[in-house]
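Here's a walk through a fold you have in front of you. Keep the viewer open and follow along as we go from strand to helix to loop.

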Amino acid sequence: MNVRKKIIAGNWKMNKTVSEAKAFVHVLLKELEEYSAADVVICPPFTALQAICDLLSQSSSHVRLGAQNLFPASHGPYTGEISPWMLREFFCHYVIVGHSERRIHLGETDLFINKKVKAALSASLHPILCIGENLEERQQGLWKEKISQQLQIGLKEVEEKQLADCVIAYEPIWAIGTGKNATPEQAQEVHLFIREEISRLFSLQSAQKLRIQYGGSVSPENAQELLLCPDIDGLLIGGASLDVRTFCSIILNSTA
Ligand SMILES: O=C[C@H](O)COP(=O)(O)O
């Protein structure tokens, strides 16, 4: 039986001022006052973490805070970077690592992402490790090799007991922000493959416990059928998480 609790996360990317973030969270907390069916996570820009942390600490909601990135060191001469311990100050529970936008625009490699995964875990943060193939790799039938490599290197030296604190997000690059989501069949095929790879790298038991999110053009129209797939345990939502009513409708209509 699938006992994995669904996890719906909103990745705002480089969007929203602090006042916009506060207005969003006020409505979110009201809409989700009684809600606990899935874990809900908001990943705002660093600048809004303090304000959202304050709002969440005054509420009894189950909404969790996540960051969009971290640097794999506790402190030091890394201009412009944020350490895992700084994120802990805002009671962040989750941190996105390895998002394809950072891999593409900032040249992040699997090895560097692996350092971030381990840094997050050592500070008791839950890394959301993003993986996924680009259009060319999909068209050439190379997605298995790509995903296998991202998992193998991204989770290198992660202990099996730490894997329980990780979330994997499958985000096909060709589906991000394009309005062309992976079909439930395509996503399920990859999620099952990810679980098999995790079983190979760790154990069947750990693979069965691991939560695997789908991300890429999730909308109120496609969220429910994606979440009905047996190996899809949640969603990592970009564009559709920016409007609070849309985000709430996805959560309430697809996980209640
Ligand atoms: O982290 C979120 C993903 O990149 C998906 O973004 P999107 O929902 O705008 O396609």
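## Starting in the middle: S5

Strand S6 (residues 167–170) runs parallel to S5, and four bridges join the two. Across that pairing, Cys130 stands opposite Ala169 in S6. Bear in mind that this is a predicted model.

S5 has a partner on its other edge too: S4 and S5 pair in the parallel sense, again over four bridges. Here Tyr94 has His126 in S5 as its bridge partner.

So how well covered is S5? Six of the six residues of S5 are buried, so the strand is largely enclosed by the rest of the structure. In a regular strand the side chains alternate between the two faces of the sheet. For S5, one side carries His126, Ile128 and Cys130, the other carries Pro127, Leu129 and Ile131, and all of these are buried. In other words, both faces of S5 are covered.

## The barrel

Zoom out from S5. Eight strands close into a barrel, in the order S1-S2-S3-S4-S5-S6-S7-S8, and the pairing is parallel. Neighbouring strands of this sheet are turned by 25° against each other on average, if you ignore direction.

Which strand does S1 (residues 7–11) meet at the closure? That would be S8 (residues 234–237), which runs parallel to S1 and is joined to it by four bridges. One pair to look for is Ala9 with its bridge partner in S8, Leu236. Helix H12 (residues 244–255) packs on the sheet here, touching S1, S2 and S8. The direction of H12 makes about 165° with that of S1.

Back around S4 and S5, helix H5 (residues 110–122) lies across both strands. H5 runs at about 175° to S4.

## H1 and H2

Now for a helix pair. H1 and H2 pack at an angle of about 25°, with their axes 9 Å apart. That makes H1 roughly parallel to H2, because angles under 35 degrees count that way. The crossing of H1 past H2 is right-handed. If you want to find the contact, look at Val18, Ala21, Lys22, Val25 and Leu29 in H1, which meet Ala51, Ile52 and Leu55 in H2.

Which residues of H2 (residues 49–57) are buried? They are Leu49, Ile52 and Leu56. These cover an arc of only 70° around the axis, which puts them on the same side of H2. On the other side of H2, Gln50 and Ser57 are exposed. The cover over the buried residues of H2 includes helix H1 (18–31), along with strand S2 (39–43), strand S3 (64–67) and strand S4 (92–97).

## H7 and H9

Another helix pair sits at a steeper-sounding number: the axes of H7 (residues 143–154) and H9 (residues 184–201) come within 10 Å and cross at roughly 45°. That makes H7 oblique to H9. The handedness of this crossing is right-handed.

The residues that meet are Trp143, Lys144, Ile147, Ser148, Leu151 and Gln152 from H7, and Val190, Phe193, Ile194, Glu197, Ile198 and Leu201 from H9.

## Loops to look at

Most residues other than glycine have a negative phi. Ser124 goes the other way, with a positive phi near 60°. You'll find Ser124 in the loop between H5 and S5. Ser124 counts as exposed, with 10 other C-beta atoms within 10 Å.

Glu157 also has a positive phi, near 65°. The place to look for Glu157 is the loop between H7 and helix H8 (160–163). With 9 C-beta neighbours inside 10 Å, Glu157 is exposed.

## Cys229

Is Cys229 buried, exposed or something in between? With 17 other C-beta atoms within 10 Å, Cys229 is partly exposed. Cys229 belongs to the loop between helix H11 (223–227) and S8.

Leaving out residues up to four places away in sequence, Cys229 touches Pro184, Ala187, Gln188 and His191. Take Ala187: Cys229 and Ala187 are 42 residues apart in sequence, yet 8.4 Å apart in space, C-alpha to C-alpha.

Notes. Residues are numbered from 1 along each chain as its sequence is written. This is a predicted model: local features need pLDDT of at least 70, side-chain atom pairs count only at pLDDT 80 or more; totals for chains, interfaces and linings use all residues. A residue is buried if 20 or more other C-beta atoms lie within 10 Å of its own, exposed if 12 or fewer, and partly exposed in between; C-beta atoms are placed from the backbone. The arc is that of the directions from the helix axis to the C-beta atoms. Two residues are in contact if their C-beta atoms, placed from the backbone, lie within 7 Å. Two strands pair if DSSP finds at least two bridges between them. Axes are lines fitted to C-alpha atoms, for helices over the stretch in contact, and angles run from 0 to 180 degrees between N-to-C directions. Angles under 35 degrees count as roughly parallel, over 145 as roughly antiparallel, 65 to 115 as roughly perpendicular and the rest as oblique. A crossing is left-handed if the near helix is turned anticlockwise from the far one by less than a right angle, and right-handed if clockwise.
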